[in-house]
Amino acid sequence: MFVHPDEDPRTDGGFRGERDVLVGYLNDQRLTLELKCAGLDAEALARRSVEPSDLSLLGLVRHLAGVEQYWFRQVMAGQEIRRHYRSEEAPAGEFTGAVADPELVADAWATWRAEIAFAEELVARAPGVDVTGDCAGEPMELREVLVHMIEEYARHNGHADLLRERIDGRVGQ
């Protein structure tokens, strides 16, 4: 197990109201990613799954920082931004650039946490989950973004399970 049940930072549901349910489950998914990466050094975090894939735990952290940035900063807040880790020359840079460098790892975690802090503040200030942002010229409600983020993390946390098992055999909740 990744963590003893008495020390697990995640909740076991019990949320009330639509916003609290969506925010609570998203937070638990974010915490799950952290648990899957806990205790690993830069080399282990950057270890690829299997050839020819570029998938790694570090790549997932970098990717999810970009996902947070896109949905909350660009779509919901309407900010014109330069995407983290991606460029025209490296459209999958969040994965291909995930190398075993402790400074790069620290930057990835700091970037991910900063994007989460922005998202949490945006959601907390929103008058409701029915507020809309602009997604490629179409209105998108905050509730749909939150559901999408839960799905995004859940899918990638499944990848993280397999990556972590390959690294050190740990499987988990």
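The following exchange between a trainee and a mentor works through the core, the helices and the charged pairs of a predicted model.

Trainee: Which helix supplies the largest share of the largest nonpolar core?
Mentor: The largest nonpolar core holds 45 residues, and those with the most contacts inside it are Leu57, Phe72 and Trp112. At least two residues of this core come from each of α1 (18–37), α2 (42–46), α3 (57–76), α5 (102–125) and α6 (142–168). The largest share, 11 residues, is supplied by α3.

Trainee: What covers the buried residues of α5?
Mentor: Helix α5 has 24 residues and spans 35 Å from its first C-alpha to its last, close to the 34 Å expected at 1.5 Å a residue. Its buried residues include Leu104, Ala108, Trp112, Ile116 and Ala119, and Trp112 touches, among others, Leu33, Val61, Leu64 and Tyr153. The cover over the buried residues of α5 includes α1, α2, α3 and α6.

Trainee: Which residue caps the N-terminal end of α5?
Mentor: The cap rests on a side-chain oxygen that lies 2.8 Å from the backbone nitrogen of Glu103. That distance falls inside the 3.5 Å limit for a polar contact between N or O atoms. The residue that provides this side-chain oxygen is Asp101.

Trainee: Is Arg73 buried or exposed?
Mentor: Arg73 is found in helix α3, and, leaving aside its neighbours within four places in sequence, its contacts include Glu68, Gln79, Ile81, Glu115 and Phe118. The limit for a buried residue is under 20% relative accessible area. Because the relative accessible area of Arg73 is 18%, Arg73 is buried.

Trainee: How many residues apart along the chain are Arg30 and Glu68, which form a salt bridge?
Mentor: The closest N and O atoms of Arg30 and Glu68 are 2.8 Å apart. Arg30 counts as buried at 5% relative accessibility, and Glu68 likewise counts as buried, at 0%. With Arg30 in helix α1 and Glu68 in helix α3, the pair links distant parts of the chain, and the separation is 38 residues.

Trainee: Which residue is linked with Glu18 and Arg143 in a network of salt bridges?
Mentor: The side chains of Arg143 and Glu18 meet in a salt bridge at 2.7 Å, N to O, which links helix α6 to helix α1 across 125 residues. Arg143 is partly exposed, with a relative accessible area of 26%, and Glu18 is also partly exposed, at 40%. The network of salt bridges that links Glu18 and Arg143 also takes in Glu141.

Trainee: Where do Glu121 and Arg125, which form a salt bridge, both lie?
Mentor: The closest N and O atoms of Glu121 and Arg125 are 2.3 Å apart. Glu121 is partly exposed, with a relative accessible area of 38%, whereas Arg125 counts as exposed at 66%. An α-helix has 3.6 residues a turn, so residues three or four places apart point the same way. Glu121 and Arg125 are four residues apart, about one turn, and both lie in helix α5.

Trainee: What distance separates the C-alpha atoms of Gly93 and Leu57?
Mentor: Gly93 is found in helix α4 (residues 93–96) and counts as buried at 5% relative accessibility. Not counting residues up to four places away in sequence, Gly93 touches Arg62, Tyr85 and Ala98. Gly93 and Leu57 are 36 residues apart along the chain, and their C-alpha atoms are separated by 14 Å.

Methods:
Residues are numbered from 1 along each chain as its sequence is written. This is a predicted model: local features need pLDDT of at least 70, side-chain atom pairs count only at pLDDT 80 or more; totals for chains, interfaces and linings use all residues. Side-chain values use heavy atoms; hydrogens and water are left out. A nonpolar core is a set of buried Ala, Val, Leu, Ile, Met, Phe, Trp, Tyr and Cys residues joined through side-chain atoms within 4.5 Å. Buried means under 20% relative accessible area, exposed over 50%, partly exposed in between (1.4 Å probe, protein chains only). Contact means heavy atoms within 4.5 Å. The expected span of a helix is 1.5 Å times one less than its number of residues. A polar contact is a pair of N or O atoms within 3.5 Å; within protein, one must be able to donate a hydrogen and the other to accept it, and residues adjacent in sequence count only if both atoms are side-chain atoms. A salt bridge is a side-chain nitrogen of Lys or Arg within 4 Å of a carboxyl oxygen of Asp or Glu.
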